[in-house]
Amino acid sequence: NDTVVPSAGNLITFNIEGPGKIIGVDNADLNSMESCKGNQRKAYRGTCMAVVQATDKAGKIILKASSPGLESSSVEISSAK
């Protein structure tokens, strides 16, 4: 429902389709020992993020976020050459 839950620490997995790649993930937790590389990250205070980089091809990039027990979500990004 687009409501941030400050106590949420769910593991979020990101997947990408189209001419883009995930180059980093983070959650702003300065004490976290999780890698900033890869496609998953635990939420911190209810949020986390993925950094997407477009490739050299133009097109539609779809970034999906999912976590067990939660409804998946996606965002569409248009990239141009």
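Two strands count as paired if DSSP finds at least two bridges between them. The exercises below use this idea on a predicted model.

**Exercise 1. Pairing of E1 and E3**

Task: Work out how many bridges join strand E1 to E3, and which residue of E3 stands opposite Thr 13.

Solution. Begin with strand E1, which covers residues 11-17 and is joined to E3 by 3 bridges. Since pairing asks for at least two bridges, E1 and E3 qualify as a pair, and they run antiparallel. Then look at a single position along these strands: Thr 13 has Gln 40 of E3 standing opposite.

**Exercise 2. Building the sheet**

Task: Find the order of the 4 strands in the open sheet, and state which of them are the edge strands.

Solution. Move next to the pair formed by E1 and strand E5 (residues 59-66), which are held in the antiparallel sense over 5 bridges; here Glu 17 stands opposite Ile 62 in E5. Continue from E5 to E6, where 7 bridges join the two antiparallel strands, and where the bridge partner of Gly 59 is Ser 79 in E6. Putting the pairs together gives an open sheet of 4 strands in the order E3-E1-E5-E6, with antiparallel pairing. The edge strands are E3 and strand E6 (73-79), each of which pairs on one side only. Neighbouring strands of this sheet are turned against each other by 20° on average, when direction is ignored. As a last step, consider the hairpin of E5 and E6, which has 6 residues between the strands and in which Gly 69 takes a positive phi near 85°.

**Exercise 3. Positive phi outside glycine**

Task: Decide where Ala 28 is placed, and whether Ala 28 counts as buried or exposed.

Solution. Recall the general background, namely that most residues other than glycine have a negative phi. Against that background, Ala 28 has a positive phi of about 75° although it is not a glycine, and the phi of Arg 45, near 55°, is likewise positive in a residue other than glycine. Next, locate the two residues: Ala 28 belongs to the loop between E2 and E3, while Arg 45 is found in the loop between E3 and E4. For the accessibility step the cut-off is over 50% for exposed. Ala 28 counts as exposed because its relative accessibility is 59%, and Arg 45 is exposed because its relative accessible area is 57%. Finally, although Ala 28 and Arg 45 are 17 residues apart in sequence, their C-alpha atoms are 9.0 Å apart in space.

**Exercise 4. Two partly exposed residues**

Task: Determine which residues Glu 34 is in contact with, leaving aside its neighbours within four places in sequence, and which residues make the nonpolar surface patch of about 230 Å².

Solution. Place Glu 34 in the loop between strand E2 (20-26) and strand E3 (40-42). With the neighbours within four places set aside, Glu 34 is in contact with Asn 27, Arg 41 and Lys 42. Glu 34 is partly exposed because its relative accessible area is 28%, a value to be judged against limits of 20% for buried and 50% for exposed. By contrast with these contacts, the C-alpha atoms of Glu 34 and Ser 66, 32 residues apart along the chain, are separated by 18 Å. Turning to the patch, its makers are Ile 23, Met 49 and Val 51. Val 51 lies in strand E4 (residues 49-54), and Val 51 is partly exposed because its relative accessible area is 33%.

Key
Residues are numbered from 1 along each chain as its sequence is written. This is a predicted model: local features need pLDDT of at least 70, side-chain atom pairs count only at pLDDT 80 or more; totals for chains, interfaces and linings use all residues. Side-chain values use heavy atoms; hydrogens and water are left out. Patches are made of residues with over 30% relative accessible area and no salt bridge: like charges are joined within 9 Å, nonpolar side chains (Val, Leu, Ile, Met, Phe, Trp, Tyr) within 5 Å. Accessible areas come from the Shrake-Rupley method with a 1.4 Å probe; for residues, only the protein chains shown count as cover. A salt bridge is a side-chain nitrogen of Lys or Arg within 4 Å of a carboxyl oxygen of Asp or Glu. Buried means under 20% relative accessible area, exposed over 50%, partly exposed in between (1.4 Å probe, protein chains only). Contact means heavy atoms within 4.5 Å. Axes are lines fitted to C-alpha atoms, for helices over the stretch in contact, and angles run from 0 to 180 degrees between N-to-C directions.
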